[in-house]
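Trainee: I should like to request a close look at a single part of this chain, with its surroundings described in one connected account.

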Amino acid sequence: MTEKADLKNCDRCGREFPTEDLIEEGGAQICENCYINAHQKIKVCDPWAVRSKKILREKAGQVGTDGLTDVQKEIYEFIISKGGATREQIADQFTLPPEELENEFAILRHCELVKGQKRDDGVYIVAFED
Ligand SMILES: [Zn+2]
(Lines give C-alpha, C1' and ligand atoms only; values in the text may rest on other atoms or scores of the structure.)
Protein backbone atom coordinates (compact mmCIF):
# COMPACT_ATOMS: atom_id res chain seq x y z
CA MET A 1 0.00 0.00 0.00
CA THR A 2 1.43 3.29 -1.07
CA GLU A 3 -0.43 5.75 1.02
CA LYS A 4 0.23 9.22 -0.22
CA ALA A 5 -2.00 11.53 1.71
CA ASP A 6 -1.46 14.26 -0.81
CA LEU A 7 -4.74 16.10 -0.73
CA LYS A 8 -5.62 19.44 -2.21
CA ASN A 9 -8.80 21.47 -2.40
CA CYS A 10 -10.51 21.96 -5.72
CA ASP A 11 -10.23 25.65 -6.57
CA ARG A 12 -13.82 25.76 -7.72
CA CYS A 13 -15.95 23.73 -5.32
CA GLY A 14 -13.46 23.65 -2.44
CA ARG A 15 -13.77 19.92 -1.80
CA GLU A 16 -10.68 17.87 -1.05
CA PHE A 17 -9.23 15.51 -3.63
CA PRO A 18 -5.98 13.59 -4.14
CA THR A 19 -3.67 15.97 -5.97
CA GLU A 20 -3.27 13.62 -8.93
CA ASP A 21 -7.04 13.68 -9.53
CA LEU A 22 -7.14 17.43 -10.01
CA ILE A 23 -7.08 18.90 -13.48
CA GLU A 24 -5.17 22.01 -14.39
CA GLU A 25 -7.54 24.53 -15.97
CA GLY A 26 -6.64 28.14 -16.66
CA GLY A 27 -4.16 28.28 -13.82
CA ALA A 28 -6.59 26.71 -11.36
CA GLN A 29 -6.67 23.14 -10.12
CA ILE A 30 -10.17 21.78 -10.25
CA CYS A 31 -11.77 18.38 -9.69
CA GLU A 32 -13.14 16.22 -12.45
CA ASN A 33 -16.69 17.16 -11.59
CA CYS A 34 -16.06 20.87 -11.91
CA TYR A 35 -14.07 20.26 -15.06
CA ILE A 36 -16.98 18.42 -16.66
CA ASN A 37 -19.42 21.12 -15.57
CA ALA A 38 -17.25 23.84 -17.04
CA HIS A 39 -16.90 22.04 -20.32
CA GLN A 40 -20.57 21.20 -20.60
CA LYS A 41 -21.36 24.89 -20.53
CA ILE A 42 -18.98 25.51 -23.36
CA LYS A 43 -20.42 22.68 -25.40
CA VAL A 44 -23.94 23.99 -24.88
CA CYS A 45 -22.97 27.38 -26.15
CA ASP A 46 -20.31 27.10 -28.81
CA PRO A 47 -22.28 26.20 -31.93
CA TRP A 48 -24.69 28.97 -31.15
CA ALA A 49 -21.95 31.51 -30.40
CA VAL A 50 -20.32 30.91 -33.74
CA ARG A 51 -23.60 31.12 -35.59
CA SER A 52 -24.85 34.15 -33.70
CA LYS A 53 -21.71 36.12 -34.43
CA LYS A 54 -22.29 35.53 -38.11
CA ILE A 55 -25.93 36.54 -37.79
CA LEU A 56 -25.00 39.64 -35.85
CA ARG A 57 -22.50 40.69 -38.43
CA GLU A 58 -24.77 40.04 -41.37
CA LYS A 59 -27.90 41.58 -39.93
CA ALA A 60 -26.90 44.59 -37.90
CA GLY A 61 -29.49 45.62 -35.36
CA GLN A 62 -30.96 42.16 -35.10
CA VAL A 63 -29.96 40.39 -31.94
CA GLY A 64 -29.96 36.68 -32.45
CA THR A 65 -31.01 34.97 -29.28
CA ASP A 66 -31.75 31.98 -31.43
CA GLY A 67 -30.41 28.82 -29.84
CA LEU A 68 -30.69 30.02 -26.26
CA THR A 69 -33.14 28.42 -23.87
CA ASP A 70 -36.27 30.41 -23.04
CA VAL A 71 -34.86 31.24 -19.62
CA GLN A 72 -31.60 32.49 -21.11
CA LYS A 73 -33.52 34.65 -23.58
CA GLU A 74 -35.69 36.05 -20.81
CA ILE A 75 -32.68 36.88 -18.65
CA TYR A 76 -30.92 38.46 -21.60
CA GLU A 77 -33.97 40.50 -22.56
CA PHE A 78 -34.44 41.58 -18.96
CA ILE A 79 -30.84 42.80 -18.80
CA ILE A 80 -31.22 44.67 -22.10
CA SER A 81 -34.55 46.24 -21.14
CA LYS A 82 -33.09 47.53 -17.87
CA GLY A 83 -29.87 48.71 -19.45
CA GLY A 84 -28.03 46.44 -17.06
CA ALA A 85 -29.09 44.63 -13.91
CA THR A 86 -27.46 43.34 -10.77
CA ARG A 87 -27.48 39.65 -9.85
CA GLU A 88 -29.95 40.51 -7.10
CA GLN A 89 -32.36 42.20 -9.50
CA ILE A 90 -32.19 39.24 -11.82
CA ALA A 91 -32.63 36.80 -8.94
CA ASP A 92 -35.72 38.76 -7.84
CA GLN A 93 -37.16 38.66 -11.32
CA PHE A 94 -36.50 35.00 -12.02
CA THR A 95 -37.25 32.35 -9.47
CA LEU A 96 -34.19 30.26 -10.14
CA PRO A 97 -31.80 28.67 -7.66
CA PRO A 98 -28.58 30.73 -7.40
CA GLU A 99 -26.41 28.03 -8.91
CA GLU A 100 -28.69 27.78 -11.93
CA LEU A 101 -28.67 31.54 -12.33
CA GLU A 102 -24.86 31.46 -12.23
CA ASN A 103 -24.92 28.78 -14.87
CA GLU A 104 -27.14 30.91 -17.14
CA PHE A 105 -24.86 33.91 -16.62
CA ALA A 106 -21.88 31.77 -17.51
CA ILE A 107 -23.50 30.72 -20.76
CA LEU A 108 -24.56 34.25 -21.66
CA ARG A 109 -21.08 35.51 -20.81
CA HIS A 110 -19.45 32.78 -22.78
CA CYS A 111 -21.65 33.65 -25.75
CA GLU A 112 -20.43 37.23 -25.41
CA LEU A 113 -23.97 38.47 -24.94
CA VAL A 114 -23.38 39.95 -21.50
CA LYS A 115 -20.49 41.04 -19.35
CA GLY A 116 -19.93 42.32 -15.84
CA GLN A 117 -19.67 46.06 -15.33
CA LYS A 118 -18.59 47.77 -12.14
CA ARG A 119 -20.71 50.75 -11.21
CA ASP A 120 -20.73 52.96 -8.13
CA ASP A 121 -23.38 50.87 -6.42
CA GLY A 122 -22.20 47.42 -7.40
CA VAL A 123 -21.50 45.03 -10.22
CA TYR A 124 -24.05 45.00 -13.01
CA ILE A 125 -24.55 42.53 -15.78
CA VAL A 126 -24.86 44.50 -18.99
CA ALA A 127 -25.10 43.89 -22.72
CA PHE A 128 -21.75 42.85 -24.12
CA GLU A 129 -21.76 45.67 -26.68
CA ASP A 130 -22.25 48.39 -24.02
ZN1 LIG B 1 -14.55 20.82 -7.76
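What follows is an account of one helix, the sheet beside it and the residues that join them.

Trainee: Which residues of helix H2 are buried, and against which elements do they pack?

Mentor: The model is a predicted one, and the description below should be read accordingly. The chain contains 4 helices and 7 strands. Read from the N terminus, its elements follow the order β-β-β-β-α-α-β-α-α-β-β. Of its 130 residues, 29% count as buried. Among contacts with a separation of 6 or more, 33% join residues that are 24 or more positions apart.

Helix H2 comprises residues 70-82. It has 13 residues, for which 1.5 Å a residue gives an expected span of 18 Å; the end C-alpha atoms of H2 are 18 Å apart, so the model agrees with that expectation. The buried residues of H2 are Gln-72, Ile-75, Tyr-76, Phe-78 and Ile-79. Because these residues cover an arc of only 160 degrees around the axis, they lie on the same side of H2. On the other side of the helix, Asp-70 and Ser-81 are exposed. Just after H2 comes Gly-83, which takes a positive phi of about 65 degrees.

The buried residues of H2 pack against strands E5, E6 and E7 as well as helices H3 (87-93) and H4 (98-110). The strands in that list belong to an open sheet of 3 strands, ordered E5-E7-E6 and paired in the antiparallel sense. Strands E5 (85-86) and E6 (114-119) stand at the edges with a single partner strand each, so one side of each is left without a neighbour in the sheet. H2 packs on this sheet and touches E5, E6 and E7, with its direction at about 105 degrees to that of E7.

The pairing within the sheet can be followed strand by strand. E5 and E7 are joined in the antiparallel sense over 2 bridges, and Thr-86 stands opposite Tyr-124 in E7. Between E6 and E7 (residues 122-127), the antiparallel pairing extends over 6 bridges. E6 and E7 form a hairpin, with 2 residues between them. Within E7, Ala-127 is the bridge partner of Val-114, while Val-123 is the bridge partner of Lys-118.

Helix H4 is the next part of the surroundings to consider. H4 has 13 residues and reaches 18 Å from its first C-alpha to its last, close to the 18 Å expected at 1.5 Å a residue. Its buried residues are Leu-101, Glu-104, Phe-105, Ala-106, Ile-107 and Leu-108. Following H4, Glu-112 has a positive phi, near 60 degrees.

Two residues show in detail how these elements meet. The first to examine is Gln-72, which lies in H2. Its relative accessibility is 4%, and residues under 20% are classed as buried, so Gln-72 counts as buried. Leaving aside neighbours within four places in sequence, Gln-72 is in contact with Glu-104, Ile-107 and Leu-108. Glu-104, Ile-107 and Leu-108 are themselves among the buried residues of H4.

The other is Val-114, which lies in strand E6. Val-114 has a relative accessible area of 2% and is therefore buried. With neighbours within four places in sequence again left aside, the contacts of Val-114 include Tyr-76 and Ile-79, both of which are listed among the buried residues of H2. Val-114 is also in contact with Phe-105, Leu-108 and Arg-109, and with Ile-125, Val-126, Ala-127 and Phe-128. Val-114 and Ile-125 are 11 residues apart along the chain, and their C-alpha atoms are separated by 6.4 Å.

These contacts lead to the nonpolar cores. In soluble globular proteins, nonpolar side chains tend to be buried together. The largest nonpolar core here has 16 residues, of which Ile-75, Ile-90, Leu-108, Leu-113 and Val-114 touch the most other members. H2 and H4 each supply at least two residues of this core. Another core lies apart from it and has 6 residues, among them Cys-10, Ala-28, Ile-30 and Cys-31.

In summary, H2 places its buried residues on the same side, and those residues pack against E5, H3, H4, E6 and E7.

Notes:
Residues numbered from 1 in each chain as written. Predicted model: local features only at pLDDT ≥ 70, side-chain atom pairs only at ≥ 80, totals over all residues. Heavy atoms only, no water. Pairing = 2+ DSSP bridges. Contact = heavy atoms within 4.5 Å. Axes fitted to C-alpha atoms, helices over the stretch in contact; angles between N-to-C directions. Expected span 1.5 Å × (residues − 1). Buried < 20%, exposed > 50% of the residue type's maximum accessible area, 1.4 Å probe, protein only. Arc of directions from axis to C-beta. Core = buried A, V, L, I, M, F, W, Y, C linked by side-chain atoms within 4.5 Å.
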